[in-house]
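Visitor: I am new to this structure and would like a close look at a single part of it. Could you take me slowly through the open sheet and the helices that pack on it, and then point out a few places elsewhere?

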Amino acid sequence: MPSINIGLIGYGGIGRVHAAAYRAIPFHYGLSADSIKVGGVATTRPETAVQAASEIGCEFYTTDYRDLLARDDIDAVDICTPNNSHYDIVLAAAAAGRHIYCEKPLAMNAGEAQAMAQAVDAAGVKGQLTFNFRFFPAIARARQLIADGFLGQVFSFRGRYHRSSYISRDKALSWRLQRELTGGGALFDLGSHILDLLYYLLGDFDSVYGTLDTLIKERPVAPGAAEMGQVDVDDIALLHARTRDGGLGTIEISRMGTGATNDVCVEIFGESGALRFDLAEPAWLYVYDARDAETPIGGQRGFRRIETAGRYDGQRAPDWTMSPDFMRVHAECQYQFIKSIWEDRTPSPSFADGLHVQKIMEAAERSAETERWVKLAEI
């Protein structure tokens, strides 16, 4: 396969994760060291651009992402910047004929997301979202079971994503707490992940009823500062949702989940079976088969742990028995994007998927404002 040269735009915490994952991909799949590389990096400040280039090991760095787009040796860009910049970067990258890998959520609102998806399609470039939680083997196995009809009719579902990252009142304002920079709060930050997982497993959403709340309404404008600034995004989002197939579910999203680090759980209940995935046990999928004999004394009914472990198609290392982790699923998500370029196929999760998730979130926000169910068809 031809080598892929990535231009990395943004180098905060998640930018470092992406850079490390690109470096790891060749080891997982036995590719040559130069098959995938970060050939340039753009950050907003000269000193961080220099530091990023040094850590990544690339010669080119800039404070203007347009400089990356102008380089003939850049095949694709990876966008790791705040949400309010995604729209301009994506449209510029598409116009420049560069493939695009973009952090979630896709945009600030559904209107932007629609325009971005259309721009990518019109330019004939690949566009993929970083919904990396899809790439746990247990999730792949769950999707396969659902597609095979294991659950029968889906009656209900539950999704949860809790973190405790904002429980301290002393935590200063950041871009994730300002609507003009992020578009939304916990719903956008964490909710986009859990909503995509449910959408990936169950299909399109039909309607949403949402309750959103900001629990700490003022925070220091900078670490240790006495001056306070307003928080204008949600800390917690509680949703009822219905899929197009009629399944009814509840979704909890919170950055105020005291004691939680990355508490992600998905449960799906059907007429003939049930599935459960918990990020605390990433190597396992819990499966219940209602067709098992229930006699004598319950027979062999009960949830079973299926060892999905670290099974990835085509991998050379590490040993499949190793549990997948945060870095591994990022590497797999990025690898699938690169394969979509090599194989000239539609990437997944696509910008169209990102648009659907954006509509779910916008429906939830509109529902919270109007205190009614909102159909995605209204968005």
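Guide: What follows starts with the sheet, moves to two helices beside it, and ends with some single residues.

This is a predicted model, in which local features need pLDDT of at least 70 and side-chain atom pairs count only at pLDDT 80 or more, while totals for chains, interfaces and linings use all residues. Residues are numbered from 1 along each chain as its sequence is written, and side-chain values use heavy atoms, with hydrogens and water left out.

The helices and strands named here are DSSP runs, numbered from the N terminus, where a helix is H or I with at least four residues and a strand is E with at least two. Six strands form an open sheet in the order S3-S2-S1-S4-S5-S6, and their pairing is parallel; two strands pair if DSSP finds at least two bridges between them. At the edges lie strand S3 (60-62) and strand S6 (127-129), each of which pairs on one side only. From one strand to the next, the twist averages 25°, an angle that runs from 0 to 180 degrees between the N-to-C directions of axes, which are lines fitted to C-alpha atoms, for helices over the stretch in contact. Strand S5 (residues 99-102) runs parallel to S6 and is joined to S6 by three bridges, and Ile100 stands opposite Gly127 in S6.

Helix H1 covers residues 13-29, and its 17 residues should span 24 Å at 1.5 Å a residue, which agrees with the 25 Å between its end C-alpha atoms; the expected span is 1.5 Å times one less than the number of residues. H1 has a kink of about 30° at Arg23, shortly before the proline Pro26, where the bend is the angle between axes fitted to the seven residues ending at a residue and the seven starting there. Among the buried residues of H1 are Val17, Ala21, Tyr22, Ile25 and Pro26; buried means under 20% relative accessible area, exposed over 50%, and partly exposed in between, with a 1.4 Å probe and protein chains only. The buried residues of H1 pack against S1, S2, H2, strand S4 (76-79), S5 and helix H10 (326-343), contact being heavy atoms within 4.5 Å. After H1 comes Gly30, with a positive phi near 65°.

Helix H2 (residues 46-56) lies across strand S1 (4-9), strand S2 (36-42) and S3, and runs at about 170° to S2. Which residues of H2 are buried? They are Thr48, Ala49, Ala52, Ala53 and Ile56. These residues cover an arc of only 135° around the axis, and therefore lie on the same side of H2; the arc is that of the directions from the helix axis to the C-beta atoms. An α-helix has 3.6 residues a turn, so residues three or four places apart point the same way. Pro46 and Ser54, on the other side of H2, are exposed, whereas the buried residues of H2 pack against S1, H1, S2 and S3. Gly57, just after H2, takes a positive phi of about 90°.

Back at S5, the loop between S5 and helix H5 (110-123) holds Pro105, which is joined to Lys104 by a cis peptide bond with omega about -15°. Lys104 is also one of the residues that His193 touches, together with Thr130, Phe131, Asn132, Phe133 and Tyr161, not counting residues up to four places away in sequence. His193 lies in helix H9 (residues 191-202) and is buried, with a relative accessible area of 8%.

Another cis peptide bond runs from Ser348 to Pro349, with omega near 5°, and Pro349 lies in the loop between H10 and helix H11 (351-370). In the loop between H11 and strand S17 (374-375) is Glu371, a residue other than glycine whose phi is positive, near 55°; at 64% relative accessibility, Glu371 counts as exposed.

The last place is Ala260, in the loop between strand S12 (248-254) and strand S13 (263-270). Ala260 counts as buried, at 10% relative accessibility. Although Ala260 and Ser164 are 96 residues apart in sequence, their C-alpha atoms are 5.3 Å apart in space. Leaving aside neighbours within four places in sequence, Ala260 is in contact with His162, Arg163 and Ser164.
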